[in-house]
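Let's walk through this structure together, one region at a time. Keep the 3D view open as you read.

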Amino acid sequence: MASSTADSPAGLSLEPQSRRVGEKAIVAWLFLAALAAVLITIAIVVALLEPAAEFFRFVSVTEFFSTARWTPTQADPEFGVLRLLAGTGAAVLYSCIIALPAGLGAAIYMNEYASFRVRQVLKPLLEILEGIPTVVYGFFAVAFVAPLMKDNWWTWLPGQLGEEPGTQFILAAGVVLGIMIIPTVASVSQDAMAAIPRGLREAAYGLGSTRMQVATRVVVPGALSGIVASFVLGLSRAIGETIVVLLAAGAMANLSILPNDPVFTMTAFIGRTSTGEIAYGTTTYYSIFAVGALLFVVTLVVNLISIALVRKFREVYE
Amino acid sequence: MPDLTERHSPVPETHHTTRDDAMAALPRDPVFVTDKLNVYYGDFHAVTDVDLSFGKNEITALIGPSGCGKSTVLRCLNRMNDLIPTARVAGTVSYHGLDIYGERVDPIEVRRRIGMVFQKPNPFPKSIYDNVAYGPRVTGMKVENMDDLVESALTGAALWDEVKDKLKQNANGLSGGQQQRLCIARAIATMPDVVLMDEPCSALDPIATLKIEELMAELRNNYTIIIVTHNMQQAARVSDRTAFFSVQQKSETGDRTGALVEYDLTTKIFESPADRRTEDYISGRFG
Ligand SMILES: Nc1ncnc2c1ncn2[C@@H]1O[C@H](COP(=O)(O)OP(=O)(O)O)[C@@H](O)[C@H]1O
Ligand SMILES: [Mg+2]
């Protein structure tokens, strides 16, 4: 081609010296892996939407969201999903009240205050905590947290909020969910904080900032997108968690956020109903998928809101 | 560089021929005096026995080959080394007669009086205004009018005219030289006594460098400036006194460590250095 014209010195070639077969194979493999991830996601959505659409042939969307009661297994079933949505909301609300400040606090402590040694111990510990199977947390809730709260109900703050609860109640579920997601929030937040350039921290200290000022004015604003990501990750885990809420919050579809009431969450319904004896093809069977699809939408909305928040508030360092 | 003496030397010409000649090498009104300053990073003895004094309203340059401990010494002066877990400081650094490594000294109070400008411009990813206002805000300075303070700091750093119409814009949008002057504005907004500069021009182009050098000559009227530079011409152009450091072998163990070789008036260092090593270094014969 044009590259081998007469005036180029003999032996000079700028063409590829090998065909780089290995590299091409690796790129193809990476592409397939990425493609698989996308295809699987699409497959999940389709598998969920089809039976969910079936459900909405029996129950209209308006009915789904406006009916007051949730009694899918009774003779004359009613499908008011707001009850489940509220149940999830209540449990997640308490978990966030605990996990967001505690997780962020732990991250700030690890990043700004802890000595190198302490951090060397704490970080892996958190990562181990993240890996504990959730059924263990469910057991922890039922066997330890719930009885402890119940027995001491009158001697501490929630006692002011209402009657002594039964064995299953929102607060027990919320607290344990919160404890469960603290490591996620702390660990992901701290990763984001550790990525703040050293120069910014030095600038802040050099101007006479206290550690707390460095944390609140430089590190947290700079790490905001990572911190919000940690919140969303924690929140998504809490929303999607099944066994803890089923064991600790129960299966009564109450419309309540009072700490001492039992509630039924979306995930608890799905988990409990799909393991029970329900006939294939019934409206109740399809309702599992409708609730699943709603769960999907809720998680999506949480993610979208967080992206919008991050865009608005983050400080981008170079 | 004879004009240097006229412009900057704090010692009147006449002293050069008097008995004070030997004394003139040391500042008469020191802001800092270090005594047997030693710094270790873990087991590594980074600088050994540095005795220096820094004069008020003077510019002192610390020069020497890379790794000889210039930054380390500079960072001792505002206790920035506290941020490095392995760093340990021995000896004393007295600031207006107070040992800043004394038991009851709060490093935050030290840093509020001794500002610092770093090698790489490091503005916060905030607005230009918020960058300058940062120091006064965190230190709880009593400020009657923050706008005025921001303006005067930016004017002091020779940046006001370039940014006065975009104070709310993010500082990351400025050029490297502007960012560095913003960092100087940010440092002087807290009205420090001393400004430490660690190779403030090494990331800048020659024109931006010239601007910063002119600015230093301005700032010298109100502040004591200590600057680390690996650029000998810069030291010769801007400073009143120069301390030359180099890396040496410790006599007992043979380990490498940074040490002060010679400290004198800048003119003396560059025109008639007393030490052979200084002469080799400034004439470029350093291996
Ligand atoms: N944080 C640190 N940890 C360990 N060693 C360091 C650290 N900072 C600097 N040093 C070492 O201390 C010596 C002096 O470094 P420095 O003060 O940065 O030199 P200079 O500024 O003169 O180039 C060098 O040998 C360097 O490797
Ligand atoms: Mg250095």
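A good place to begin is a turn: in the hairpin of strand 9 and strand 10 of chain B, with 6 residues between the strands, B:Gly254 takes a positive phi near 80°. Strands here, of at least two residues (E), and helices, of at least four (H or I), are DSSP runs numbered from the N terminus. Before going further, please note that this is a predicted model, in which local features need pLDDT of at least 70 and side-chain atom pairs count only at pLDDT 80 or more, while totals for chains, interfaces and linings use all residues. Residues are numbered from 1 along each chain as its sequence is written, chains are lettered from A and ligands numbered from 1 in the order in which they are written, and side-chain values use heavy atoms, with hydrogens and water left out.

The two arms of that hairpin, strand 9 (residues 241–249) and strand 10 (residues 256–265), run antiparallel and are joined by 9 bridges. Two strands count as paired if DSSP finds at least two bridges between them. To find your way along the ladder, look for B:Thr242 opposite B:Asp264, and for B:Gln248, whose bridge partner in strand 10 is B:Thr257. Strand 9 of chain B also pairs with strand 3 (residues 59–63), in this case running parallel, through 4 bridges. There B:Thr60 stands opposite B:Arg241.

Now zoom out to the sheet that holds these strands. In chain B, 10 strands form an open sheet with mixed pairing, in the order 5-4-1-2-10-9-3-8-7-6. Strand 5 (98–99) and strand 6 (114–117) stand at the edges, each with a single partner strand, so one side of each has no neighbour in the sheet. As a general reminder, strands of a sheet pair through backbone hydrogen bonds, either parallel or antiparallel.

From the edge at strand 6 of chain B, step inward to strand 7: the two run parallel and are joined by 4 bridges, with B:Gly115 bridged to B:Val195. Strand 7 then pairs with strand 8 (residues 224–228) of chain B, again in the parallel sense, over 5 bridges, and B:Leu196 stands opposite B:Ile226. How many residues of strand 7 (residues 194–198) of chain B are buried? The count is 5 of its 5 residues, where buried means under 20% relative accessible area, exposed over 50% and partly exposed in between (1.4 Å probe, protein chains only). B:Val194, B:Leu196 and B:Asp198 point one way from the strand, and B:Val195 and B:Met197 the other way.

Next, look at B:Gln234 in helix 9 (residues 232–238) of chain B. This residue counts as buried because its relative accessibility is 3%. Its side chain makes polar contacts with the side chains of B:Glu213, at 2.8 Å, and B:Thr229, at 2.9 Å. A polar contact is a pair of N or O atoms within 3.5 Å; within protein, one must be able to donate a hydrogen and the other to accept it, and residues adjacent in sequence count only if both atoms are side-chain atoms.

Aromatic rings are worth a tour too. Over all chains, the structure holds 17 aromatic pairs. One of them, A:Phe56 with A:Phe64, is edge-to-face, at 5.2 Å centre to centre and 85° between the planes. Rings of Phe, Tyr and Trp (its six-membered ring) pair if their centres lie within 6.5 Å; planes under 30 degrees apart count as stacked, over 60 as edge-to-face and the rest as tilted. A:Phe56 is partly exposed at 29% relative accessibility, whereas A:Phe64 is buried at 1%. A tilted pair is formed by B:Phe244 and B:Tyr281, at 4.9 Å centre to centre and 35° between the planes. This pair links distant parts of the chain, 37 residues apart: B:Phe244 sits in strand 9 of chain B and B:Tyr281 in helix 11 (residues 276–282) of chain B. B:Phe244 is buried at 0% relative accessibility, and B:Tyr281 is buried at 9%.

Finally, visit ligand 1. An oxygen atom of the ligand is 2.7 Å from an N or O atom in the side chain of B:Ser71, and a polar side-chain atom of B:Thr72 lies 2.4 Å from a ligand oxygen. Helix 2 of chain B gives the most to the shell around ligand 1, with 3 residues.
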